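Visitor: Could you take me through one part of this model up close? I'd like to look at the sheet, and then at whatever you find worth a stop around it.

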Amino acid sequence: MQVHLIDGTYELFRHHMGLPSEVAATSRAAATRGVLRSVCDLLEGGATHVGVACDTVIESFRNDLWPGYKTGDGIEPALKDQFPVVERALEAMGVTVWGMVELEADDALATAAARAAADPAVERVVICTPDKDLAQCVAGTRVVQLDRRAAAIRDEDGVRERFGVPPGSIPDYLALVGDSADGFPGLPGWGAKSAAAVLARWGAIEAIPADPGEWDVTVRGAARLSAVLEEGREAAALFKVLATLRQDAAGVLEDGPASLEWTGPGDGFEDVCAELDAPELPARAAAIRGS
């Protein structure tokens, strides 16, 4: 079997941002309809075992570690109101949903990817998001990322090509360069090229020599970057914790990958679709199931 893991929060934001501004500002259903149709597209394309991770709230344990970490502040009310709606709609559709509160949706995806990949019955795990955070979960060609908008699959070689480091070094890479989407800045002066060059050589921040004279890779401004790193190692260690996805999310794929098999919508799906003004979806879901 193949396992498809979907970032429900990313999908909700993606469909919301794709709406005309006047619809996005007022509709409490349009983005959710987009997510359901997107899942139908995936099922029509042959996906059989599907799990969706959602942020029930934006805040997580990481907010206690770093005050600047992303929050739900500033999210448009029309979008924020759909967080519980999309979870309920997906569950009615018969799809496995993991709603995250203490952890994040990305942690649920990382947990599901690791647990699915450990099952010999699983041929491949496909993480359906282009989010760079999830690149750390990629493993060879067995666990891959799928950017559905670009119809592009990124395996381990693709991660190296994109970031210049292997998947296991992605948290270190993000700790150095920062992640504006998650709200932590990285270390001053460290950019994508310098971080990639150093981490391609040593793999982890902890292994980077304190003395730049020991750096046997060519990095512009090595002395300055080394000084910044030595002064900021405590901050870098914290940022690495923020960037490292957890693989121990409770309730995620604890019954094994076979539990993700989609067997069709539940009895309440028609009512949910009526609420969302998506009357075509029940027949579409039934046709997918029938095929």
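Guide: Here is a walk through the sheet strand by strand, followed by a helix pair and a few buried residues. Keep in mind that this is a predicted model.

Let's get the layout straight. Six strands make up an open sheet, and reading across they come in the order S3-S2-S1-S4-S5-S6, with mixed pairing. The edges belong to S3 (96-100) and S6 (152-154), each of which pairs on one side only. Ignoring direction, neighbouring strands in this sheet are turned by 25 degrees against each other on average.

Now zoom in on S2. On one side, S2 (residues 49-55) is joined to S1 (residues 2-7) by five bridges, and the two run parallel. If you want landmarks for that pairing, His 4 stands opposite Val 50 in S2, and Asp 7 has Ala 53 of S2 as its bridge partner. S2 is also joined to S3 by five bridges, again with the strands running parallel. There, Val 52 has Val 97 in S3 as its bridge partner.

How many residues of S2 are buried? Seven of the seven are, so the strand is largely enclosed by the rest of the structure. As a general point, side chains in a regular strand alternate between the two faces of the sheet. In S2 both faces are covered: His 49, Gly 51, Ala 53 and Asp 55 are buried on one side, while Val 50, Val 52 and Cys 54 are buried on the other.

Slide over to the S4-S5-S6 end of the order. S4 (residues 124-128) and S5 (residues 143-147) run parallel and are joined by three bridges, with Val 126 standing opposite Val 144 in S5. S5 and S6 are also joined by three bridges, but this pair runs antiparallel. Look for Gln 145, which stands opposite Arg 154 in S6. These two strands form a hairpin with four residues between them, and Ala 151 in the turn has a positive phi of about 55 degrees. S5 is mostly covered, with four of its five residues buried.

Next, a helix pair. H3 (residues 30-44) and H6 (residues 83-92) pack at an angle of about 35 degrees, and their axes are 10 Å apart. Their crossing is right-handed. From H3 you have Thr 32, Val 35, Leu 36 and Val 39, meeting Val 85, Val 86, Ala 89 and Leu 90 of H6. By type, the residues of this contact divide into seven nonpolar, one polar and no charged. The spacing makes sense if you recall that an α-helix has 3.6 residues a turn, so residues three or four places apart point the same way.

On to H9 (170-177), which is mostly covered: seven of its eight residues are buried. Those are Ile 170, Pro 171, Asp 172, Tyr 173, Leu 174, Ala 175 and Leu 176. They pack against H8 (156-163), H10, H11 and H12 (233-243). Following H9 is Gly 178, with a positive phi near 85 degrees.

Then comes Asp 179, in the loop between H9 and H10 (192-202). Is Asp 179 buried or exposed? Its relative accessible area is 2%, and the cut-off for buried is under 20%, so Asp 179 counts as buried. Its side chain reaches the backbone nitrogen of Ala 181 at 3.1 Å. Not counting residues up to four places away in sequence, Asp 179 touches Lys 132, Asp 133, Leu 174 and Phe 184.

In H10 itself, have a look at Ala 195. At 0% relative accessibility, Ala 195 is buried. Leaving aside neighbours within four places in sequence, Ala 195 is in contact with Tyr 173, Leu 176, Val 177 and Trp 190. Ala 195 also sits 8.8 Å from Val 165, C-alpha to C-alpha, though 30 residues separate the two in sequence.

Last stop: Ser 226, in H11 (residues 222-231). Ser 226 is buried too, with a relative accessible area of 4%. The Ser 226 side chain reaches the backbone oxygen of Ala 210 at 2.9 Å. With residues up to four places away in sequence left out, Ser 226 touches Ala 210, Pro 212 and Trp 215.

Terms used
Residues numbered from 1 in each chain as written. Predicted model: local features only at pLDDT ≥ 70, side-chain atom pairs only at ≥ 80, totals over all residues. Heavy atoms only, no water. Axes fitted to C-alpha atoms, helices over the stretch in contact; angles between N-to-C directions. Left-handed = near helix turned anticlockwise from the far one by under 90°. Contact = heavy atoms within 4.5 Å. Nonpolar A, V, L, I, M, F, W, Y, C, P; charged D, E, K, R; others polar. Pairing = 2+ DSSP bridges. Buried < 20%, exposed > 50% of the residue type's maximum accessible area, 1.4 Å probe, protein only. Polar contact = N/O pair within 3.5 Å; in protein donor to acceptor, adjacent residues only side chain to side chain.
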